[in-house]
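Visitor: Hi, I'm new to this one. Could you walk me through it?
Guide: Sure. Have a look first, then ask away.

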Amino acid sequence: MTTNTAPIKWAQRSDSLYITIALADVKDESIDLSDSTLKFEGKSDSKDYELNIEFFHEVDSNGSTYKVLPRSVQMHVMKKDKDQEEFWPRLLKDKALEKNQVKIDWDRYVDEDEEDEAGGFDMSAMEGGMGMGGMPGMGGMGGMPGMGGAGGMDMEALMKQMGNMEGMGDLGAKMKEMEANGDLDDLDDDDDDDDLDDLPDLEE
C-alpha cells in the first residue's frame, strides 16, 4: 500500500514551535519525538501517512506535548536551548526538504520583533492532550474563547454605560416633574430671599 507524506505547517516563538500535521480524523497514530527528529505515522481518510523530519536545532522532547484533534494533529514543541532565545530561519535542517514539505502556519505566525506584542501561542486547544516522550500533553487550540471573553467584557461595560444613561434619563424626568409642580420655582424663590437677606441695610 502506498504511504503518503503527511503535510505539515509550523509557527514559532523564541522558546517554542507550534507544528500542525494537516490531516483530518487521524487514526492509529504513532508519534515519536526525540530531541532532534519527529516521526509520525497514521491513517486519514483510509490512507496511510508518515512523516520523518530532522529539526534545524535540538528541541526539548520531554517538555513538549501534542493532541489529535478532529481536523489535525497539533504539537507544541519546546526549543532546547533556552539561552539562545532566537527565531529559527526554518524548521528543518534539510533546506530542500523544507521547501517541498513544510508550510508556514500564517494563523499563528508572528515576526520576531513583534513577539512581545503578540504574546505566546494560544494553548486552549491543547488542554488534556498527550505527552511526547514523557510530555504532559496539549489540549485544543482555539483563540475564540479569549475573544469571546473580551467581547463579554465589552458588553458588560456597555451595559453599565447604558445603565448610567438611564439614570440620567430618570433625573431628567424628575426635573421635569418638579418643574411642572412648581417645585423648581420655589427653589428659585428661596435662593432670591437668601440673597436679599445677605444685603446690608441701607441707611436712611
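**A chat about strands and charges**

Guide: F40 has L51 as its bridge partner in β6. Keep in mind that this is a predicted model.

Visitor: How do β5 and β6 pair, parallel or antiparallel?
Guide: Antiparallel, over eight bridges.

Visitor: And what is the strand order of the open sheet?
Guide: The order is β1-β6-β5-β4. That makes four strands, and the pairing is mixed.

Visitor: Which are the edge strands?
Guide: β1 (3-5) and β4. Each of them pairs on one side only.

Visitor: By how many degrees are neighbouring strands of this sheet turned against each other?
Guide: By 20° on average, with direction ignored.

Visitor: Let's switch to β2. Where does it sit, and is it mostly covered or open?
Guide: Strand β2 covers residues 8-13. Mostly covered is right, as five of its six residues are buried.

Visitor: What does β2 form with β3?
Guide: A hairpin, with two residues between the strands. The two strands pair in the antiparallel sense over six bridges. β3 takes in residues 16-21. One bridge pair is R13 with S16 in β3.

Visitor: How many bridges join β2 to β9?
Guide: Three, and those two strands run parallel. W10 has I104 as its bridge partner in β9.

Visitor: Tell me about I104, then. Where is it?
Guide: I104 lies in strand β9, residues 102-104. I104 counts as partly exposed because its relative accessibility is 32%.

Visitor: Which residues make the nonpolar surface patch with I104?
Guide: W106 and Y109 join I104 there. The patch is about 340 Å².

Visitor: New topic: charges. How many salt bridges does a search of the whole structure find?
Guide: Five. As background, side chains of opposite charge can pair when their charged atoms come close.

Visitor: What does D35 meet in a salt bridge?
Guide: The side chain of K80, at 2.6 Å from N to O. D35 is in the loop between β4 (27-33) and β5 (37-44), and K80 is in the loop between β8 (73-79) and α1 (95-101), so this pair ties together parts 45 residues apart in sequence.

Visitor: Are those two buried or partly exposed?
Guide: Partly exposed. D35 has a relative accessible area of 24%. K80 is at 40% relative accessibility.

Visitor: Which side chain does D35 join in a polar contact?
Guide: The side chain of S61, at 2.9 Å. S61 is found in strand β7, residues 59-68. S61 is buried, because its relative accessible area is 9% and buried means under 20%.

Visitor: Back to salt bridges. What does K43 pair with?
Guide: K43 forms a salt bridge with D48. Their closest N and O atoms are 2.6 Å apart.

Visitor: K43 and D48: which is buried and which is partly exposed?
Guide: D48 is buried, with a relative accessible area of 18%. K43 counts as partly exposed, at 33% relative accessibility.

Visitor: Which residue does K93 meet in a salt bridge?
Guide: E54, with 3.8 Å from N to O. This pair links distant parts of the chain, 39 residues apart. K93 is in the loop between β8 and α1, while E54 is in strand β6, residues 47-54.

Visitor: How much of each is accessible?
Guide: K93 is at 47% relative accessibility, so it counts as partly exposed. E54 is partly exposed too, with a relative accessible area of 39%.

Visitor: Which residues do salt bridges with shared partners join into one network?
Guide: D35, E58 and K80.

Visitor: Last topic, backbone angles. What is the phi of D25?
Guide: Phi of D25 is positive, about 50°, although D25 is not a glycine. D25 is found in the loop between β3 and β4. D25 is partly exposed, with a relative accessible area of 49%.

Visitor: And what about the phi of D28?
Guide: Phi of D28 is near 50°, a positive value in a residue other than glycine. D28 is in strand β4.

Visitor: Is D28 buried or exposed?
Guide: Exposed, because D28 has 62% relative accessibility and the cut-off for exposed is over 50%.

Visitor: Thanks, that gets me started.

Technical notes:
Residues are numbered from 1 along each chain as its sequence is written. This is a predicted model: local features need pLDDT of at least 70, side-chain atom pairs count only at pLDDT 80 or more; totals for chains, interfaces and linings use all residues. Side-chain values use heavy atoms; hydrogens and water are left out. Patches are made of residues with over 30% relative accessible area and no salt bridge: like charges are joined within 9 Å, nonpolar side chains (Val, Leu, Ile, Met, Phe, Trp, Tyr) within 5 Å. Accessible areas come from the Shrake-Rupley method with a 1.4 Å probe; for residues, only the protein chains shown count as cover. A salt bridge is a side-chain nitrogen of Lys or Arg within 4 Å of a carboxyl oxygen of Asp or Glu. Buried means under 20% relative accessible area, exposed over 50%, partly exposed in between (1.4 Å probe, protein chains only). A polar contact is a pair of N or O atoms within 3.5 Å; within protein, one must be able to donate a hydrogen and the other to accept it, and residues adjacent in sequence count only if both atoms are side-chain atoms. Two strands pair if DSSP finds at least two bridges between them. Axes are lines fitted to C-alpha atoms, for helices over the stretch in contact, and angles run from 0 to 180 degrees between N-to-C directions.
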